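Colleague: I've got a new model open and would like to talk it through with you. Could you take my questions one at a time?

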Amino acid sequence: MKVLVADGVSPKGIEILQQAGFECVVKDKLPAEELLEIIPEFDGIIVRSASKVTKEVIDRAQNLKIIGRAGVGTDNIDIAAATARGIVVINSPGGNTIAATEHTMGMMLAMARNIAVANETLHKGEWNRKKYTGVELRGKTLGVVGLGRIGSGVATRSLAFDMKVIGYDPYVNEERAQSLGIKVVSLDELIEQSDFITVHMPLTPKTKGMFNKDNIYKMKKGVRLINCARGGIINEKDLAEAVKSGHVAGAAIDVFESEPLAADSPLLGVPGITITPHLGASTVEAQIGVSVDVAQGIVTALNGEPVSTAVNMAPVSAQTMKVIKPYLDLAERLGCTACSLADGGISEIKIKYNGGIADVDTKMITIAVVKGILNPILEDKVNYVNAPSLAKERNIKVKEVKDKSVENFANLITVSVVANGKTQTVQGALFGDEGRIVTINSYRVDVDPHARILICPHINRPGIIGTIGSLLGYANINISGMQVGKTEIEGTSMMVLTIDNEIPDSVMQQIINMNGIFDVKLVNYNVVK
């Protein structure tokens with residue numbers, strides 16, 4: 001088999017491919033026209049960020065079985081086109097984990113000891129020992145926001161510095177936290193108790209602007225913030241103002257809302273803010289690591305085995321795919337809904353199949369449910385291959401049950417999640433090829449989960465529905481659909497609104513505070529990908 005190495009990667013990766021018996025053709029800085037011309041010969045291709053594997057390239061790739069991205073981002077690959085052709089796309093999400101973890105530690109130390117500014121001024125001939133007196137990490141409380149691979153790595157390394165480490169991650173259960181040797185707390189508790197706060201969350205509609213002036217000023221005076229995860233999680237303008245005011249003693253930022261960093265960024269020129277140009281993955285070892293990872297993935301895939309770093313659907317038989325394909329998107333959205341209903345770390349996921357769907361291989365549908373649950377909450381990209389291992393890593397038990405008996409629908413998928421001892425259940429079915437949510441915690445509904453929904457269990461009395469509708473209308477938020485479901489519990493109903501726009505936190509809070517509303521949950525399906 002032939003593998004095209006279209007961009008410069010470490011020779012270590014090429015060696016792995018050659019040792020496996022593959023013919024490697026290295027074409028660094030390959031022009032797009034030449035790529036189109038030669039791609040039909042190859043069984044695999046490795047790219048970094050320069051080469052674009054477009055639909056046009058994929059359509060001409062008669063023999064292509066796998067596309068490898070030596071790095072994390074896959075924006076230069078048309079994944080949908082590859083999936084439609086049955087071509088596996090892999091990346092290397094773990095190759096830079098240590099690099100990002102160590103950069104976070106370096107940024108924290110540099111900020112605590114004023115290393116960057118002391119170096120700069122000493123080169124200018126200044127000797128400012130007293131001015132740049134720092135603080136020790138020992139004995140300080142570090143708050144880790146997001147306990148994925150990198151956040152967990154930072155936590156364990158910080159314990160070695162004799163720091164007290166607490167963590168916030170609404171989807172990490174107590175067992176996982178104990179294995180790390182840290183205590184999981186609420187976000188409010190973390191904000192109030194931490195001397196240092198480091199962010200390791202994905203950028204989602206929920207985490208964008210997660211730290212802003214409202215909660216920055218609830219932090220301890222003299223707190224220090226680190227962000228080597230995603231730009232936009234910390235509001236840059238609010239952070240700069242808080243550092244200038246002296247409330248925040250320092251910040252160390254490697255990622256930005258817009259990159260490259262604009263000349264008018266509020267972070268530039270502020271004493272106390274240490275910044276680096278997105279260097280988290282920029283180590284010699286990380287560059288070798290991503291090359292080795294993707295090469296090993298190529299070898300595995302071309303040998304017909306599943307690849308743990310696949311970012312698209314794992315291959316299944318054409319006959320099975322024909323049956324299960326309409327259910328995959330529904331299953332993922334059911335998982336996303338169940339996740340949004342849960343409060344706290346999820347410890348168990350149960351998927352039950354009723355009717356004819358119980359006769360087929362439902363493993364991939366189950367994985368779609370798990371993917372839908374994990375994708376909104378993990379910094380790591382969740383896909384059909386790594387979802388089970390990510391759930392296992394977080395000590396989440398996944399159980400699949402099949403029952404050929406029919407319950408109201410010819411085929412029914414029931415997803416239940418257990419979090420903090422409470423079970424949340426949603427059910428879905430197909431109407432033709434269109435997936436619908438048909439029950440939410442025993443409330444009968446008929447919901448199209450197309451963008452985002454607002455779930456409001458409430459007292460069944462006049463005025464509540466109209467008040468919420470008016471409140472959203474005044475906020476210029478369009479309601480494109482509404483369902484009101486009933487249960488056997490007398491006097492209670494569940495309103496489910498299909499919403500076309502994001503709902504500001506202030507509006508959400510007004511709804512939560514309404515008399516007669518039991519709870520409010522916003523489910524954002526834009527994280528389903």
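Colleague: Let's begin with Val484: which strand does Val484 lie in?

Modeller: Keep in mind that this is a predicted model. Val484 joins Ile465, Ile479 and Met482 in a nonpolar surface patch of about 290 Å². Three residues of that patch, its largest share, come from one strand, residues 479–486. The strand that holds Val484 is β20.

Colleague: And is Val484 buried, partly exposed or exposed?

Modeller: Buried would need a relative accessible area under 20%, and exposed would need over 50%. Val484 comes out at 38%, so the label is partly exposed.

Colleague: Now another valine. Is Val520 buried or exposed?

Modeller: Val520 sits in the loop between α17 and β22. The C-alpha atoms of Val520 and Ala263 are 41 Å apart, with the two positions 257 residues apart along the chain. The relative accessibility of Val520 is 7%, and the cut-off for buried is under 20%, so Val520 is buried.

Colleague: On to the largest pocket. How much space lies in it?

Modeller: Its lining takes in 41 residues. Those nearest the centre are Tyr168, Leu187, Lys206, Thr207 and Asp505. The space in the largest pocket is about 1,700 Å³.

Colleague: Which helices and strands each supply at least two residues of that lining?

Modeller: There is one strand in this group, β22 (521–524). The helices are α9 (187–193), α10 (213–216), α13 (318–341) and α17 (505–512).

Colleague: How many residues of that lining are charged?

Modeller: Split by class, the lining has 21 nonpolar residues and nine polar ones. The charged residues number eleven.

Colleague: Let's turn to charge pairs. How many salt bridges does the structure hold?

Modeller: Side chains of opposite charge can pair when their charged atoms come close. One such pair here is Glu136 with Arg138, whose closest N and O atoms are 3.4 Å apart. Glu136 is partly exposed at 47% relative accessibility, while Arg138 is exposed at 55%. The number of salt bridges in the structure is 17.

Colleague: Take Asp43 and Lys65: how many residues apart in sequence are the parts that this pair ties together?

Modeller: The two side chains meet in a salt bridge, 2.6 Å from N to O. Asp43 is in the loop between α2 (32–38) and β3 (44–47), and Lys65 is in the loop between α3 (55–60) and β4 (66–69), so the bridge links parts whose separation in sequence is 22 residues.

Colleague: Within that pair, which residue is buried?

Modeller: Lys65 has 37% relative accessibility, which makes it partly exposed. Asp43 has a relative accessible area of 11%, and buried means under 20%, so the buried partner is Asp43.

Colleague: What about Lys371 and Glu332: which helices does their pair tie together?

Modeller: Their side chains form a salt bridge at 2.8 Å, N to O. Both Lys371 and Glu332 are buried. Lys371 belongs to the helix at residues 363–374, and the two partners are 39 residues apart in sequence, so the pair ties together α14 and α13.

Colleague: Which residues do salt bridges with shared partners join into one network?

Modeller: Here the bridges have partners in common, and that makes one network of them. Its members are Glu434, Arg436 and Asp446.

Colleague: Now the backbone. Which peptide bond is cis, with omega near -5°?

Modeller: Most residues other than glycine have a negative phi, and most peptide bonds are trans. The cis bond leads into Pro260, in the loop between β11 (248–253) and β12 (273–275). It is the bond from Glu259 to Pro260.

Colleague: And Lys29: what is its phi?

Modeller: Lys29 is in the loop between β2 (23–26) and α2, and it is exposed, with a relative accessible area of 72%. Its phi is positive although the residue is not glycine, near 55°.

Colleague: Last one: where does Ser442 lie?

Modeller: Ser442 also has a positive phi, about 75°, without being a glycine. It is exposed, with a relative accessible area of 62%. Its place is the loop between β17 (434–440) and β18 (443–447).

How values were computed: Residues numbered from 1 in each chain as written. Predicted model: local features only at pLDDT ≥ 70, side-chain atom pairs only at ≥ 80, totals over all residues. Heavy atoms only, no water. 1 Å grid on protein atoms, 1.4 Å probe; cavity = no way out; pocket = protein on both sides within 12 Å on 5 of 7 lines; lining within 4 Å. Points joined across faces, edges and corners; volume = space filled by probe spheres on them. Helix = DSSP H or I, 4+ residues; strand = E, 2+ residues; numbered from the N terminus. Nonpolar A, V, L, I, M, F, W, Y, C, P; charged D, E, K, R; others polar. Patch = residues over 30% accessible without salt bridge, like charges linked within 9 Å, V, L, I, M, F, W, Y side chains within 5 Å. Areas by Shrake-Rupley, 256 points an atom, 1.4 Å probe, with all protein chains shown as cover. Salt bridge = Lys/Arg side-chain N within 4 Å of Asp/Glu carboxyl O. Buried < 20%, exposed > 50% of the residue type's maximum accessible area, 1.4 Å probe, protein only.
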